[in-house]
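Hi everyone, thanks for making time for this. I'll take you through a few spots in one structure, so please have a look at it first.

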Amino acid sequence: MKKVMVLLLTCMILLTACSSGGKDKEQAASGGGGDAKSKEITIWAWDPKFNIAALDIAKEAYNAKHPDVKINIVEFAQADIIQKLNTGLNSGTTKGLPNAVLIEDYRAQGFLQAYPDSFADLSGKIKPENFAEYKIGPTSYDGKQYGVPFDTGVAGLYVRKDYIEQAGYTLDDLQNMDWKQYIELGKKVKEKTGKDIISLDPNDLGILRMMIQSAGSWYLKGDGTTPDLKDNAALKEAFTLYKELMQSNTVKVNADWSQFIASINNGDVATVPTGNWITPSVKAEASQAGQWAILPMPKLPETPNSVHATNLGGSSWYVMNIPGSDTAADFLAETFGSNADMYQTLLTKVGAIGTLKEAAKGEAYTKPDDFFGGQQTVSDFSKWTAEIPKVNYGTSTYAIEDILVVEMQNYLNGKSLDQVLSDAQSQAEAQIK
Amino acid sequence: MKALFERLKFHGLFIKMFAVMFVSIIAIAASVAWTNLRMTEKLFLDTFSITNSKVMNQVKNNFESFHYSNVLAAITAQQSGTLKTFLTDKGSDESIKEMNAYYGMTQQMRKIQSTVDAYSAGIAIVGKNGRNYSGNSYLTKPNARELYASPLTKEAEASPGKLMYHLYKVKGEDGQKPVIVATKVLQETTTDQEYGMLYITIDENDFKPFYSSFTSEGNDVVIIDGSGTVISSNHSSLIGSQNAQLLSYAQDIQDQGLHVKKVKMMGKDELMLAQYLPSYNFYLVNMIDQQQVLGQMVNTKSIVLLVLVIVLVALVVVFLISRKMTRSLTLLSRQMSKVTSRNFHNYVNVGGGYEIRQLGEAYNYMLDEVNDYVSRLVHTQQEQRKAELAALQQQINPHFLYNTLASVKFLVQQDSKDKAVDTIHALISLLQNTISNVSETITVELELVNLKHYVFINHVRYGERIRVSYFVAPGCSTYQVPKLMIQPFIENAFFHAFNERAEGFIHVLISCDARKLVCEVVDNGDGMDMKQLERAKDKKKQKKSRQLFSGIGVANVHDRIRLLYGEEYGVSITSQKGEGTKVRITLPLIEAQGSDTEHGIKP
């Protein structure tokens with residue numbers, strides 16, 4: 001009988017040991033899962049050569065201090081990010097959304113105003129006064145700082161020195177041009193070299209945006225919601241200049257980004273007036289080293305307050321209000337939000353010019369660039385950055401631009417300017433409410 | 001060793017029973033577990049393959065709808081005059097005209113793009129005039145010029161009417177990125193003149209969702225094209241590799257219309273399902289790793305463990321129960337095995353289960369009966385022997401009487417009156433003691449008187465050449481002896497011991513010690529050698545010798561004594577040729593008592 005008891009007891013002990021063993025494992029597994037959730041973050045961005053490369057540098061810098069945090073960088077086309085964010089935020093589910101995301105400044109207010117609760121307030125994490133002033137407008141809403149300002153979209157006029165010299169100009173002649181002079185230059189260059197002055201996409205009115213921001217004007221009024229098209233003097237002048245440029249037959253038309261880049265790298269155009277983020281693409285064609293220079297942007301000839309500094313594009317980082325937001329906010333605050341040293345690396349390796357004021361004091365910012373003939377391009381850009389007029393991009397920059405693209409075609413095909421703008425105004429008012 | 005074997009012998013039943021149970025339990029458990037596992041496995045695999053083939057159909061539908069979007073896009077592009085103009089016109093010097101052409105084209109392309117937008121696909125066109133457009137591609141997809149320069153264009157131009165799908169690898173910063181490209185040659189509808197190419201590109205990553213939600217660990221999907229190249233798979237490492245084996249399996253399944261095929265791939269047993277996607281010329285292959293999938297569903301280890309525990313418990317229970325059951329049986333059989341050792345007096349201890357108790361009681365009852373019968377039988381036989389003896393004792397040989405009476409006649413004729421009287425007297429006394437006295441035993445004294453009368457008669461008849469002398473130890477004469485016990489030996493000595501010698505003597509000696517009465521009849525006659533002695537003993541058994549005086553012979557004295565008094569008593573004969581014979585009779589000391597039936601049967 002004793003033996004039986006011993007046997008039974010052994011069996012019971014064995015069984016309980018087995019079952020309890022299983023439980024321990026489960027607990028360990030779920031615990032690990034929970035832990036991993038907060039220590040693993042996902043970030044979405046576009047452009048592998050620029051934004052993704054910058055993220056990689058930031059990730060490296062952050063992981064050096066916090067090796068336990070896993071950062072997943074996911075690359076999407078910008079349009080896909082917009083679509084996925086809109087889908088996710090609209091459906092009210094946070095599933096599948098990233099912890100942090102890059103958003104273009106033009107679109108930022110659209111998201112912030114539509115879904116303020118979905119983004120984490122970073123007011124306590126970063127100091128807005130440390131960044132270029134014009135970046136704060138798009139990245140904050142209702143007094144709260146949501147975005148960590150990233151790259152500046154400060155624009156410059158990239159010119160082929162060899163072409164303009166063939167056309168009989170020197171670089172000094174072209175400093176502080178206005179757009180009228182620019183068109184004249186175009187005609188001259190075409191005549192002398194057969195090359196076009198600029199490459200334009202009929203669907204992208206970036207050049208208009210640059211023109212009007214140089215005069216402190218925008219598609220929308222200062223409130224960010226009222227369309228300002230019909231009686232916008234700067235816009236009117238920009239339209240006129242655009243048509244003049246077209247009529248001068250010095251424009252190479254492109255339909256997509258690859259064609260745009262190709263026109264630069266193939267030497268089809270003499271100038272590229274655009275944001276500084278084009279620098280890596282220009283430099284990608286190493287055979288053209290020394291043939292490029294960067295000049296201040298032309299200004300509007302008739303609008304009085306227009307300056308030689310403007311902006312195109314530029315984006316900022318945002319933290320989504322989902323589990324893991326603390327880690328993501330910490331990551332952004334420690335890297336893009338404050339690390340001036342890291343900006344030096346960003347500049348050297350990626351060519352990204354940040355908007356952190358302190359970073360401009362660094363060594364890399366004053367380094368001359370041999371590709372541009374020894375020009376201190378970054379310090380020039382930094383100088384112009386400070387001069388960019390602050391405007392409120394509002395919520396619907398691209399919605400209005402879609403209207404303007406159509407109306408621009410009408411204008412080019414003969415419709416009167418006043419009619420074009422008043423039609424655009426009424427369409428915009430109907431759409432934005 | 002032997003002791004152990006002896007012990008085991010009694011446990012034989014238990015060992016056999018337990019062995020049978022042990023083997024059966026193990027066999028049942030093993031076969032049930034095995035069958036169970038097999039059945040579960042089969043059922044699961046069947047269900048799994050049915051579900052998966054349904055899933056495959058759904059996946060096929062996904063592919064078809066993507067293909068349909070592509071076809072729509074291709075048709076729209078083919079039919080669009082704007083695009084045709086854009087792709088065939090020579091460029092204009094006028095920027096505004098160019099602008100218009102590009103603008104019109106982009107508007108058209110956006111419309112086409114919208115048909116495939118849901119799949120994150122990109123559309124690109126290239127014209128023979130070199131104009132091109134890559135929509136929605138930005139930097140993430142190969143652009144039109146790159147695609148136009150690739151071998152895909154040649155392949156597409158080989159069969160211009162068809163929307164074809166290819167795998168294309170984009171060289172990116174971080175290695176190659178697989179993209180699936182659909183190509184369509186744009187032709188004049190009337191002349192079939194080619195004027196451009198349409199490319200619809202989709203990242204392999206965006207292609208995966210068509211099937212990836214159905215995949216899991218061990219349940220893989222591979223898409224291979226008609227040449228065996230892996231186009232897409234949830235295992236990214238496979239993409240782009242050649243797998244002719246997989247293709248041949250897939251073709252087998254398709255050709256033979258199989259539901260599911262079991263194959264061995266990379267050392268694993270896999271269930272394979274395949275669907276041909278005619279519009280793509282792809283094979284949609286679903287590979288199910290039997291082991292892994294089963295491993296997730298059927299926890300063989302725990303089942304086996306459970307069965308083992310159950311078997312163990314069952315064995316313990318069986319062990320205990322069968323032991324308890326056989327234990328009383330073993331005890332019983334052990335007790336029963338000793339039945340012979342004590343004259344049927346080994347009664348068994350009744351215990352154990354009902355049946356065993358019944359058996360034990362029956363056995364004991366039977367022993368009682370047997371003992372009863374045996375004792376009754378012994379009693380009867382003793383009675384019978386006694387009756388026989390009594391009869392024998394009373395049979396006085398008539399010849400003895402004739403001869404004696406004849407002798408007396410002669411004595412009377414010779415005028416030996418006194419001797420005749422004496423002889424008659426001896427005969428009368430002898431007859432009186434043998435026939436009239438009904439008691440079985442008589443005193444030594446009386447026996448001696450009988451002997452003397454008998455000897456006297458013999459002397460009268462045969463002369464006195466054989467003398468008989470009597471030596472009785474004092475105090476012995478009152479003990480009882482069986483009637484006519486010594487007489488047969490005297491008679492034997494008279495008629496057989498003196499064939500060679502003419503004369504001699506016979507001594508009758510009676511003595512007693514503490515426990516025994518010893519009577520000896522010693523003669524100095526011829527004696528016997530060993531052979532004769534043996535023959536004499538045989539003769540005794542054969543009972544052939546005819547006794548001269550009474551029915552009682554030498555032969556049955558020994559048996560008679562033993563029957564009456566037990567084994568330790570009896571007759572022993574020693575003899576030597578030429579020296580005479582000595583007969584020794586041992587008897588217990590029996591005092592004469594009132595009753596004659598005193599010396600009954602010894603129990």
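Before anything else, one term: a residue is buried when its relative accessible area is under 20%, counting protein chains only. Also keep in mind that this is a predicted model.

Okay, helix 11 of chain A, which runs over residues 257-265. How many of its nine residues are buried? Nine of the nine, so the helix is mostly covered, given that under 20% cut-off. The list starts at A:Trp257, A:Ser258, A:Gln259 and A:Phe260, carries on with A:Ile261, A:Ala262 and A:Ser263, and ends with A:Ile264 and A:Asn265. Just past this helix sits A:Gly267, with a positive phi of about 75 degrees.

Now over to chain B, and two helices that pack together. Helix 2 covers residues 12-79, helix 4 covers residues 95-116, and they meet at an angle of about 165 degrees with their axes 8 Å apart. That angle makes the two helices of chain B roughly antiparallel, because anything over 145 degrees counts that way. Who makes the contact? From helix 2 of chain B we have B:Ser69, B:Asn70, B:Ala73, B:Thr76 and B:Ala77, and from helix 4 of chain B we have B:Gln108, B:Ile112, B:Thr115 and B:Val116. By class, that contact has four nonpolar residues, five polar ones and no charged ones. The crossing of these two helices of chain B is right-handed.

Last stop, cysteines. There are zero disulfides over all chains. Take B:Cys519: the nearest cysteine sulfur belongs to B:Cys476, and that is 8.5 Å away. B:Cys519 counts as buried because its relative accessibility is 1%, and B:Cys476 counts as buried at 0%.

Note on methods: Residues are numbered from 1 along each chain as its sequence is written. Chains are lettered from A and ligands numbered from 1 in the order in which they are written. This is a predicted model: local features need pLDDT of at least 70, side-chain atom pairs count only at pLDDT 80 or more; totals for chains, interfaces and linings use all residues. Side-chain values use heavy atoms; hydrogens and water are left out. Axes are lines fitted to C-alpha atoms, for helices over the stretch in contact, and angles run from 0 to 180 degrees between N-to-C directions. Helices (H or I, at least four residues) and strands (E, at least two) are DSSP runs, numbered from the N terminus. Angles under 35 degrees count as roughly parallel, over 145 as roughly antiparallel, 65 to 115 as roughly perpendicular and the rest as oblique. A crossing is left-handed if the near helix is turned anticlockwise from the far one by less than a right angle, and right-handed if clockwise. Contact means heavy atoms within 4.5 Å. Ala, Val, Leu, Ile, Met, Phe, Trp, Tyr, Cys and Pro count as nonpolar, Asp, Glu, Lys and Arg as charged, and the others, Gly among them, as polar. A disulfide is a pair of cysteine sulfur atoms within 2.5 Å. Buried means under 20% relative accessible area, exposed over 50%, partly exposed in between (1.4 Å probe, protein chains only).
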